[in-house]
Structure formats: structure tokens, C-alpha cells
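Visitor: Could you show me the model and then take me through its interior step by step?

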Amino acid sequence: MNILVVANMYPSENDPVYGTFVKNFTDSVRARNKGGRTDICTICGRRSGKMAKLKAYSAYYLRLAAKLLFSRYDLVYVHTITFPAPVIRMASFFRRLPLVFNVHGGDVLTSNRLKLMLRNMCRPLLGKARMVVVPSEYFRKVLEQEFPELDSAKIVCSPSGGISDKFYSPVKNRPLAGRQAVLGFISRIDSGKGWELFVDLIARLRSEGVDCKGIMAGRGDQTELLRRYISASPAAQYIEYVGPKTPDELPAMYASMDLFIFPSQLSESLGLVGIEAMASGTPVIAADMAGPKTYITDGVNGYLFEPGNIDSLTAYARRYLSLTDSEREAMRRAAFEHSLEYESEKVADALYSRIQNCINPE
């Protein structure tokens with residue numbers, strides 16, 4: 001079968017972590033679509049500056065229009081319902097398009113005027129789609145609330161490509177006696193992601209006599225603000241910001257952590273970084289909301305703290321670090337075992353089966 005994957009983000013040589021979930025999905029489809037064709041229409045890498053973005057999107061829209069109007073596909077798989085919407089809406093007036101949408105958090109839960117306009121432009125397309133893919137049961141409910149006219153039978157949960165086998169590592173006993181505990185944070189460095197809470201957590205634990213250090217990775221619009229915030233922290237010497245990491249570098253980083261902190265106060269549709277940490281046997285403390293609530297069982301494979309509350313976050317971190325070696329090992333093992341539900345090959349097989357059914361319904 002012939003499939004077109006549409007997205008406004010995709011990794012580039014200079015920006016290898018941008019849109020990796022789209023690349024992983026495309027690679028998984030190509031591996032299964034033997035004898036067929038899997039094309040992509042994307043923007044590779046981020047652009048800085050209005051003119052650079054305008055040029056990139058203009059070329060993207062022209063390529064997308066040409067593919068939709070002059071090529072024939074059995075399925076058009078669209079990541080995000082916002083930025084590709086104008087061209088898809090236009091093309092749908094001329095041709096009946098076999099659409100599948102993969103909806104992400106920022107598509108639906110947004111206050112950005114442009115994204116709101118594009119989301120509403122896509123509303124009639126969602127109704128005509130053969131399938132709508134969401135990353136979690138939590139986000140299924142969000143989508144049904146925001147688009148009550150959408151046929152719920154069309155909505156399918158698939159956890160954002162799942163977790164690559166390179167993230168999985170055997171759970172080993174890691175006693176804390178005589179060494180420094182390592183707490184980790186991996187995320188975009190943007191507003192609402194909770195990076196300030198992580199820095200404050202390390203400072204608070206150090207002030208209470210807990211021998212720990214923090215390691216942070218990622219980048220975003222607030223990277224320079226993060227650097228200044230760390231420098232001003234009384235625990236600055238115990239916090240290392242390592243910048244962005246490639247997907248190949250992340251597994252070793254997760255495996256080096258004793259505890260992963262996921263303090264985002266945004267409505268994360270899933271929060272894949274938390275599951276990546278669990279796959280390496282690293283328990284997660286996450287804000288008690290949105291996507292992470294679907295895979296963290298409080299006190300079993302991690303903890304859920306009151307969103308935005310540094311006292312709550314500190315209390316749970318302190319609780320975990322004060323567990324016995326056997327109690328921490330049990331939690332690490334529970335985290336690892338739950339993450340197996342999200343193994344990428346299992347996730348890809350299930351989603352591809354759904355895609356095939358969209359094209360050739362039983």
C-alpha cells in the first residue's frame with residue numbers, strides 16, 4: 001500500500017531530536033509496509049526567525065499540496081491537526097482524502113490564537129477521518145470533550161511510538177550507601193515544564209543534608225533563563241546542565257539516574273520521557289495530572305506529587321531516597337515491568353494493524 005506521512009517536524013542533521021517521534025513512526029511503517037511505498041512530507045529541523053519559518057512553511061505547503069492533489073495514496077497519516085490543516089482542507093475540496101490524524105497535546109489544549117484557528121479549520125476533517133490516534137486514555141477523554149461531534153469509535157490509543165528496545169536495561173541493585181544519589185530531568189526547557197522546580201528540589205534536598213546531585217538535559221525557549229537560574233541557586237555546584245542529547249545518548253543517561261523527576265505542569269498527553277526512565281529501571285516522580293497518571297501507580301512504580309508544590313515534590317523525593325535497598329529495587333523492578341507494555345515493536349504492530357484495517361476494513 002502507498003502511505004503518505006505528513007508532519008511539520010522531522011529530525012535533521014543539525015537538529016537530530018526534533019520530531020523524533022515522527023521519524024520513529026515512519027521507520028516502523030516502512031519496515032512493515034514491504035512492497036508498498038511510504039512517502040513523507042515534513043519540515044526537517046527547527047527554523048529561527050520569522051523569514052526562515054515563512055520560507056520553510058511556504059515550501060512545505062507547496063510540496064504537500066502537490067502530493068495530495070497529484071499523487072494517489074491509500075492512506076494519508078497526519079501528525080498534528082494544526083499546521084498542515086490549511087492545505088489538507090483545501091485539497092479535500094478537490095479530492096476525497098483517506099485521512100488518519102495523530103493528535104498531540106499542543107494541538108487541542110492551546111491558547112495560541114493561530115493554533116486555535118488552525119484547530120477549528122481541521123474540525124470538519126476530523127469528522128471525515130478514517131481514524132484518529134491519541135497517545136493515552138487520558139487524552140482520549142480530552143479529545144472527546146473538545147470535539148463532542150467526533151465519533152468515539154474512530155479514536156484509537158497508541159502511545160507515541162512506544163519505547164525503543166535500546167532504553168531497556170536489566171534492573172540491578174544500586175545501594176545508595178557511600179555514594180551520591182543522582183536525580184534527573186530531561187525535557188524541553190520551556191514555560192510550564194517545571195525546570196525551576198527541579199533546580200529548587202536539589203537545593204532543598206541539599207539544605208536538608210541529603211547527599212544528591214541533579215543532571216538536566218534538553219533545550220528550548222528558556223534555556224538561557226535556566227542557566228541563570230542554576231547559577232543563582234545555592235546548589236549550583238551540584239546541578240549539571242548538559243544541553244540537548246540525541247536519542248542514542250539518552251538510554252545511558254536514564255540508566256545513570258536513581259530517580260527521574262517529571263514536574264511538568266502542562267497537560268502532557270502522555271509524557272514519554274517518564275516511560276523511557278521506567279524502561280531503564282528508574283522510578284519517576286511526576287505531577288499528579290494528565291498523561292503520567294495513566295502509567296504511574298503512586299507508591300508502586302513511582303510517586304505522584306501535587307502539581308507545582310515544591311514541598312510535596314521534596315517530600316516524595318526524600319521518601320524514595322530513605323527507602324531500604326530492597327524497597328528501592330522493588331520499585332525499580334515495578335517501573336521496568338510496567339514499561340514493557342510500551343515496547344515499540346509491540347506498539348508499532350498494534351498500530352500498523354489498525355492502519356491496515358483502515359485501508360481494507362474487515
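**Cavity, core and rings**

Guide: The lining of the largest cavity is made up of 6 nonpolar residues, 1 polar and 1 charged. Ala, Val, Leu, Ile, Met, Phe, Trp, Tyr, Cys and Pro count as nonpolar, Asp, Glu, Lys and Arg as charged, and the others, Gly among them, as polar. This is a predicted model, in which local features need pLDDT of at least 70 and side-chain atom pairs count only at pLDDT 80 or more, while totals for chains, interfaces and linings use all residues. Residues are numbered from 1 along each chain as its sequence is written, and side-chain values use heavy atoms, with hydrogens and water left out.

Visitor: Which helix gives the most residues to the largest nonpolar core?

Guide: A nonpolar core is a set of buried Ala, Val, Leu, Ile, Met, Phe, Trp, Tyr and Cys residues joined through side-chain atoms within 4.5 Å, where buried means under 20% relative accessible area (1.4 Å probe, protein chains only). The largest such core has 37 residues, and Leu-201 and Ile-285 are among those that touch the most other members. With 8 residues, the greatest contribution to this core comes from residues 195-207, a DSSP run (H or I, at least four residues) numbered from the N terminus, namely helix H7.

Visitor: How are the rings of Tyr-295 and Tyr-342 paired?

Guide: Rings of Phe, Tyr and Trp (its six-membered ring) pair if their centres lie within 6.5 Å, and planes under 30 degrees apart count as stacked, over 60 as edge-to-face and the rest as tilted. Both Tyr-295 and Tyr-342 are buried. Their ring centres are 6.4 Å apart and their planes lie at 75°, so the pair is edge-to-face.

How values were computed
Buried < 20%, exposed > 50% of the residue type's maximum accessible area, 1.4 Å probe, protein only. Helix = DSSP H or I, 4+ residues; strand = E, 2+ residues; numbered from the N terminus.
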